[in-house]
Amino acid sequence: MAKLLQIDSSILGTNSVSRQLTAQIVASWRAAHPATEVSYLDLAVNTPSHLSAESLGFCLPAGAADLSDAQQRENAVSEALVSQFLAADVLVIGAPLYNFFIPTQLKAWIDRVSQVGRTFKYTEKGPVGLAGGKTIIVASARGGV
Ligand SMILES: Cc1cc2nc3c(=O)[nH]c(=O)nc-3n(C[C@H](O)[C@H](O)[C@H](O)COP(=O)(O)O)c2cc1C
């Protein structure tokens, strides 16, 4: 069964345009693909913290250092998010424009799922993605339209 992950990142709650869009896109997808298993992540509610000395633990080689309790907690957050991302075949991502960029909550999520060896690798020709084959639909909203 295909897995769809719906992600919202708008801070505008029921006034959000991108939330309306993701909901409509997911409804359309479900109608066309009834067997899809849908999961949901609201980054405005469950916001991963910004990268920090504690949450960078996942970048350390296994066994390179003893992780503190805080690093272990943050690693668990990163692992849950990257596993959820990798498990999804389809992603519908609500991406409002705030101050000429994506919301800080969405950037924090991207930072957590951007992991060497999991979602990308470095090569002589530059970074290469490891999470290909997914369908990603970005529901973009800006300027209140
Ligand atoms: C804090 C904030 C910053 C914004 N910055 C921009 C901007 O730089 N450019 C723009 O076109 N619209 C900007 N807007 C308008 C939003 O893009 C617009 O309200 C859009 O609908 C936001 O998506 P949402 O409704 O899903 O939250 C901003 C809105 C907010 C609340």
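1. Let me start with glutamine 24: its relative accessible area is 49%, so it counts as partly exposed (buried means under 20% relative accessible area, exposed over 50%, and partly exposed in between, with a 1.4 Å probe and protein chains only). Glutamine 24 sits in helix 1; helices here are DSSP runs of H or I with at least four residues, strands are runs of E with at least two, and both are numbered from the N terminus. Its C-alpha atom is 10.0 Å from that of alanine 139, a residue 115 positions away along the chain.

2. A word on what we are looking at. This is a predicted model, in which local features need pLDDT of at least 70 and side-chain atom pairs count only at pLDDT 80 or more, while totals for chains, interfaces and linings use all residues. Residues are numbered from 1 along each chain as its sequence is written, and side-chain values use heavy atoms, with hydrogens and water left out.

3. Now the overall layout. The protein chain has 3 helices and 6 strands, and from the N terminus on they come in the order β-α-β-α-β-α-β-β-β. The C-alpha trace spans about 45 × 35 × 30 Å along its principal axes. Of the 145 residues, 35% are buried. If you take contacts (heavy atoms within 4.5 Å) between residues at least 6 apart in sequence, 74% of them join residues at least 24 apart.

4. On the surface and the charges: the chain exposes about 8500 Å², with carbon and sulfur atoms supplying 57% of that. These areas come from the Shrake-Rupley method with a 1.4 Å probe, and for residues only the protein chains shown count as cover. There are 11 positive and 11 negative charges, and their mean positions lie 8 Å apart. Lys and Arg are the positives and Asp and Glu the negatives, with His and the chain ends not counted; each charge is placed at NZ of Lys, CZ of Arg, CG of Asp or CD of Glu.

5. Helix 3 deserves a look. It covers residues 104-113, and 7 of its 10 residues are buried, so the rest of the structure largely encloses it. Those buried residues are Gln105, Leu106, Ala108, Trp109, Asp111, Arg112 and Val113. Note that Asp111 and Arg112 are on that list. What do the buried residues of helix 3 pack against? They pack against strand 1 (3-8), strand 2, helix 2 (69-87) and strand 3 (90-96).

6. The helix 2 and helix 3 pairing can be spelled out. Their axes come within 8 Å and cross at roughly 90 degrees; axes are lines fitted to C-alpha atoms, for helices over the stretch in contact, and angles run from 0 to 180 degrees between N-to-C directions. The two helices are therefore roughly perpendicular (65 to 115 degrees; under 35 is roughly parallel, over 145 roughly antiparallel and the rest oblique). From helix 2, Glu74, Val77, Ser78, Leu81, Val82 and Phe85 meet Trp109, Arg112 and Val113 of helix 3.

7. Next, the N-terminal end and its partners. Lysine 3 lies in strand 1 and is partly exposed at 34% relative accessible area. Leaving out residues up to four places away in sequence, lysine 3 touches Thr36, Glu37, Ala87, Ala88, Asp89 and Val90. The C-alpha atoms of lysine 3 and threonine 36 are 5.7 Å apart, although 33 residues separate them along the chain.

8. Alanine 35 belongs to the same neighbourhood story. It is in the loop between helix 1 (17-32) and strand 2 (37-42), and at 48% relative accessible area alanine 35 is partly exposed. Apart from neighbours within four places in sequence, alanine 35 contacts Met1 and Ala2. Its C-alpha atom is 9.0 Å from that of lysine 3, 32 residues away along the chain.

9. Check the backbone in the loop between strand 3 and helix 3, where both asparagine 99 and phenylalanine 100 are found. Most residues other than glycine have a negative phi. Asparagine 99 has a positive phi of about 50 degrees, and phenylalanine 100 has one of about 65 degrees. Buried or exposed: which is phenylalanine 100? Phenylalanine 100 counts as exposed, at 79% relative accessibility, and asparagine 99 is exposed too, at 71%.

10. Last, glycine 117. It lies in the loop between helix 3 and strand 4 (120-123) and is exposed, with a relative accessible area of 53%. The C-alpha atoms of glycine 117 and leucine 130, 13 residues apart along the chain, are separated by 7.7 Å.
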